[in-house]
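Reader: I am new to reading protein models. Can we go through this one step by step, with short questions and short answers?

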Amino acid sequence: MTHRSSLLNESGLNPSVFTSDSDFFIKAGYTSNFVSQYFDDSIVGIVHQPDVYAIAAYLGRQFDCKYIVDIGCGRATKVSSLHPEFEIIGLDFGPNIVYCQQKYGFGQWIECDFEREENFYLKPDILNQSILVCADLVEHLSDPTLLLNNFHRWLDFAPAGLLSTPDRDLVRGERDFGPPQNPYHIREWNLGEVCDLLRAHALKIAFAGFTLNNDQAREKKTSLIILNNNRVASPQFAPQGFRVVAIMHAYNEEDIVIPVLKHLIDQGIEIYFVDNWSTDKTYELAQLF
């Protein structure tokens with residue numbers, strides 16, 4: 001199935017509320033590229049962010065989902081590998097989505113301009129069964145506002161979403177103030193900045209960390225954020241008197257038992273220690289505590 005969304009702003013312009021890089025929570029003094037080149041996802045030989053789609057599949061199984069919705073799917077090389085376990089919905093525009101429409105005999109390949117689709121519609125009954133993926137896209141957009149607004153709207157229904165983008169500090173160093181050396185990128189964030197951007201759009205962060213940049217260098221230099229459904233309650237402070245208890249099983253751990261126990265105790269964690277008939281001094285050392 002292929003179709004073209006026509007939900008554009010009446011003026012045909014991007015109704016952005018942001019005007020500068022500081023509005024995107026990037027450090028003061030940073031300079032972005034004025035425009036980026038269209039990324040024709042036809043380069044072969046290297047797989048960027050190879051683990052993102054494996055994580056999406058894992059989440060899909062955990063939430064018993066039927067669909068993977070890939071926002072900025074490119075030529076769908078990675079997401080297509082998840083079929084037929086999952087039904088695939090790919091969103092992109094230009095030569096990339098044309099290629100998907102012609103190449104694949106499965107899935108829905110929808111043309112969508114992420115900086116013009118102010119209120120892009122996906123059916124709630126599909127979103128209820130979908131994991132959302134937005135891998136390596138936000139850095140390509142002059143203004144990601146509409147994309148993130150749509151992402152938030154979709155998470156009213158979808159159980160979870162993933163967003164990834166190269167981490168500027170890890171890739172280029174903390175002293176980098178742009179513009180990006182990659183001609184396809186408008187701007188680049190570090191992990192803290194992109195998390196601030198997502199929170200500004202009321203997106204609920206379940207996990208924020210790093211994943212592999214590609215299948216060759218295999219360096220964890222890409223920010224990965226897992227987003228909760230909007231209905232998931234935000235974490236609250238623990239009530240007064242809340243206690244944390246650790247249950248530890250050990251066998252012949254005399255070389256590490258003291259620093260491990262000390263580390264937990266220093267954090268105020270209470271411990272039940274179960275020794276599984278160690279033949280070294282594990283039990284005796286634990287008794288010191």
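Author: Start with a term. A salt bridge here is a side-chain nitrogen of Lys or Arg within 4 Å of a carboxyl oxygen of Asp or Glu. Keep in mind that the model is predicted.

Reader: How far apart are the closest N and O atoms of R61 and E85?

Author: R61 and E85 form a salt bridge. R61 sits in helix α1 (residues 52–62), while E85 is in the loop between β2 and β3. The pair links distant parts of the chain, 24 residues apart. The closest N and O atoms are separated by 2.6 Å.

Reader: Does R61 count as buried, partly exposed or exposed?

Author: Buried means under 20% relative accessible area, and exposed means over 50%. R61 has 48% relative accessibility, so R61 falls in between. Its partner E85, at 45%, is partly exposed. For R61, too, the class is partly exposed.

Reader: Which helix holds both D196 and R199?

Author: D196 forms a salt bridge with R199, with closest N and O atoms 3.5 Å apart. The two residues are 3 places apart, about one turn of the helix. D196 is partly exposed at 37% relative accessibility. The helix is α6.

Reader: Which residue forms a salt bridge with E219?

Author: E219 is partly exposed, with a relative accessible area of 35%. Its partner has 24% relative accessibility and also counts as partly exposed. The closest N and O atoms of the pair lie 3.2 Å apart. The partner is K221.

Reader: Which residues are joined into one network by salt bridges that share partners?

Author: A search of the whole structure finds 9 salt bridges. Some share partners, and these link up into one network. Its members are R168, D169 and E193.

Reader: Which helix gives the most residues to the largest nonpolar core?

Author: The largest nonpolar core has 36 residues. Within this core, I71, L91 and L132 touch the most other members. Elements that each supply at least two residues include β2 (67–71), β3 (87–92), β5 (130–135) and α4 (145–154). The top giver, with 5 residues, is α6.

Reader: Which residues does L132 contact, leaving aside neighbours within four places in sequence?

Author: L132 is one of the residues touching the most other members of the largest core. In general, nonpolar side chains in soluble globular proteins tend to be buried together. The contacts of L132 are V69, I71, L127, F151, W154, L155, A158, A160, G161 and L162.

Reader: How many residues are in the other core?

Author: This core lies apart from the largest one. Among its members are C73, F86, I97 and V133. The count is 24 residues.

Reader: Over what arc do the buried residues of α2 spread around the axis?

Author: In helix α2 (residues 95–103), the buried residues are N96, I97 and C100. They are on the same side of α2 because their arc is so limited. What covers them includes β3 and β4 (108–111). The arc is only 90 degrees.

Reader: Is S164 buried or exposed?

Author: S164 is found in strand β6 (residues 160–166). Beyond its sequence neighbours, S164 touches residues including Q49, C134, D136 and T222. Its relative accessibility is 1%, so S164 counts as buried.

Reader: What is the handedness of the crossover from β9 to β10?

Author: Strands β9 (residues 245–250) and β10 (residues 270–275) pair in the parallel sense over 6 bridges. A246 stands opposite I271 in β10. Between the strands, the chain passes through helix α7 (residues 257–266). This β-α-β crossover is right-handed.

How values were computed:
Residues are numbered from 1 along each chain as its sequence is written. This is a predicted model: local features need pLDDT of at least 70, side-chain atom pairs count only at pLDDT 80 or more; totals for chains, interfaces and linings use all residues. Side-chain values use heavy atoms; hydrogens and water are left out. A nonpolar core is a set of buried Ala, Val, Leu, Ile, Met, Phe, Trp, Tyr and Cys residues joined through side-chain atoms within 4.5 Å. Buried means under 20% relative accessible area, exposed over 50%, partly exposed in between (1.4 Å probe, protein chains only). Helices (H or I, at least four residues) and strands (E, at least two) are DSSP runs, numbered from the N terminus. Contact means heavy atoms within 4.5 Å. The arc is that of the directions from the helix axis to the C-beta atoms. Two strands pair if DSSP finds at least two bridges between them. A crossover is right-handed if, with the strands pointing away from the viewer, the path from the first strand over the helix to the second runs clockwise.
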